[in-house]
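Please open the model in your viewer and keep the selection tool at hand. We shall go from the whole chain to smaller selections, one stop at a time.

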Amino acid sequence: MVVRVPQLCLKLFLLKKMTDKSKFFRDTLALSQKLHFSMNPKKVDQEKRAKVMSKGLPKQIPIKGVHNIILVASGKGGVGKSTTAVNLATSLKLNYPAKNIGLLDADVFGPTVPLMMNLNDTPLLTKENLMIPLTNYGVQCMSMGFLIEKGSPVIWRGLMVMQALERLIRQVHWDEIDYLIVDTPPGTGDTMLSIIQNLPIAGLVENMSNVKCTNCASNLRIFGDGTSKLSEELGCKILSSLPLEGDISMCADEGTPIAVSGRNKDIEECFKKIGESVVAFCHK
Ligand SMILES: Nc1ncnc2c1ncn2[C@@H]1O[C@H](COP(=O)(O)OP(=O)(O)OP(=O)(O)O)[C@@H](O)[C@H]1O
Ligand SMILES: [Mg+2]
């Protein structure tokens with residue numbers, strides 16, 4: 001179970017395509033109440049919180065070899081969490097080459113990191129039986145996709161998911177990772193709840209914020225314009241706004257993250273900026 005580590009600080013990194021804001025708030029509030037933390041502490045029912053707290057929280061244990069953990073999360077699926085996580089991780093490595101960067105695919109139901117990072121091997125084991133992460137673009141990666149047969153259906157049940165996550169997180173030889181980027185599963189189910197707890201928000205990424213019309217080149221905000229309001233309500237910054245751009249998904253499908261592909265300087269710059277904000281946030 002991922003956890004908040006006293007000497008380290010888990011960072012929550014929110015990402016949201018602004019289509020259903022009320023649902024996002026409902027989900028976020030439900031999530032925060034279940035986890036006994038609040039993005040807006042005023043909204044948490046103190047009594048309920050004390051009652052649940054008395055039942056005991058998951059134990060918080062540091063991840064050996066990991067110094068900072070950054071989650072990429074959202075209130076819904078398909079908004080670009082994995083794309084952002086992969087590009088953030090590779091961009092960090094490109095811009096901070098001396099730092100060790102890790103990428104953990106915590107989506108055991110639909111792991112996409114192997115495809116996006118162009119990694120297919122099975123991890124080797126150390127003599128202590130720890131899995132050695134697979135590396136591409138200088139980023140140490142771990143994903144359930146490395147451990148199951150490609151294309152084979154896996155029926156996960158609650159406990160299995162927890163065990164799988166535990167294995168992905170703890171039975172890995174993380175090699176002094178300065179920043180571990182965690183790609184979270186969609187939504188706010190139990191898997192998600194088990195890995196998010198008491199987290200400060202580094203900021204918002206507004207993905208698919210606009211699309212350029214191919215006829216008149218004007219920018220269309222097809223998913224609406226509510227991100228500034230959300231950032232005010234959550235009291236956190238918008239770190240970057242990324243366009244809906246074919247190159248981003250094409251690069252992801254090819255296993256060449258756009259942030260390091262040399263194909264689009266503007267988007268590279270967006271991820272560089274997000275990385276800088278995240279690094280600053282980790283050290284403030
Ligand atoms: N800015 C973007 N422009 C164009 N396509 C994008 C962009 N961001 C993500 N995509 C594409 O949208 C799809 C969903 O992205 P992604 O898999 O990263 O979302 P997700 O939030 O991780 O989804 P899930 O919740 O299922 O894990 C992918 O095909 C991806 O290539
Ligand atoms: Mg995903």
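Among contacts in the protein between residues at least 6 apart in sequence, what percentage join residues at least 24 apart? The share is 78%, where two residues are in contact if their C-beta atoms, placed from the backbone, lie within 7 Å.

This is a predicted model, in which local features need pLDDT of at least 70 and side-chain atom pairs count only at pLDDT 80 or more, while totals for chains, interfaces and linings use all residues. Residues are numbered from 1 along each chain as its sequence is written, and chains are lettered from A and ligands numbered from 1 in the order in which they are written.

Begin with the whole protein, coloured by secondary structure: there are nine helices and ten strands, which are DSSP runs numbered from the N terminus (helices are H or I with at least four residues, strands are E with at least two). Of its 284 residues, 41% are buried, and a residue is called buried if 20 or more other C-beta atoms lie within 10 Å of its own, exposed if 12 or fewer, and partly exposed in between.

Next, select helix H3, residues 81–95. H3 has 15 residues and reaches 21 Å from its first C-alpha to its last, close to the 21 Å expected at 1.5 Å a residue, the expected span being 1.5 Å times one less than the number of residues. Because 13 of those 15 residues are buried, H3 is largely enclosed by the rest of the structure.

Now add helix H9, residues 265–282, which packs against H3 at an angle of about 80° with the axes 9 Å apart; the axes are lines fitted to C-alpha atoms over the stretch in contact, and angles run from 0 to 180 degrees between N-to-C directions. That makes H3 roughly perpendicular to H9, a label for angles of 65 to 115 degrees. At this meeting place, show Asn87, Leu88, Ser91, Leu92 and Asn95 of H3 together with Phe271, Lys272, Ile274 and Gly275 of H9.

Then select ligand 1, which 19 residues surround, the closest being Gly77, Gly80, Thr83, Pro186 and Ser249; a residue counts here if its C-beta atom, placed from the backbone, lies within 6 Å of the ligand. H3 and helix H8 (246–254) each supply at least two residues of this shell.

Finally, select serine 261, in the loop between H8 and H9. With 17 C-beta neighbours inside 10 Å, serine 261 counts as partly exposed. Leaving aside neighbours within four places in sequence, serine 261 is in contact with Cys251 and Thr256.

How values were computed
Parallel < 35°, antiparallel > 145°, perpendicular 65-115°, else oblique.
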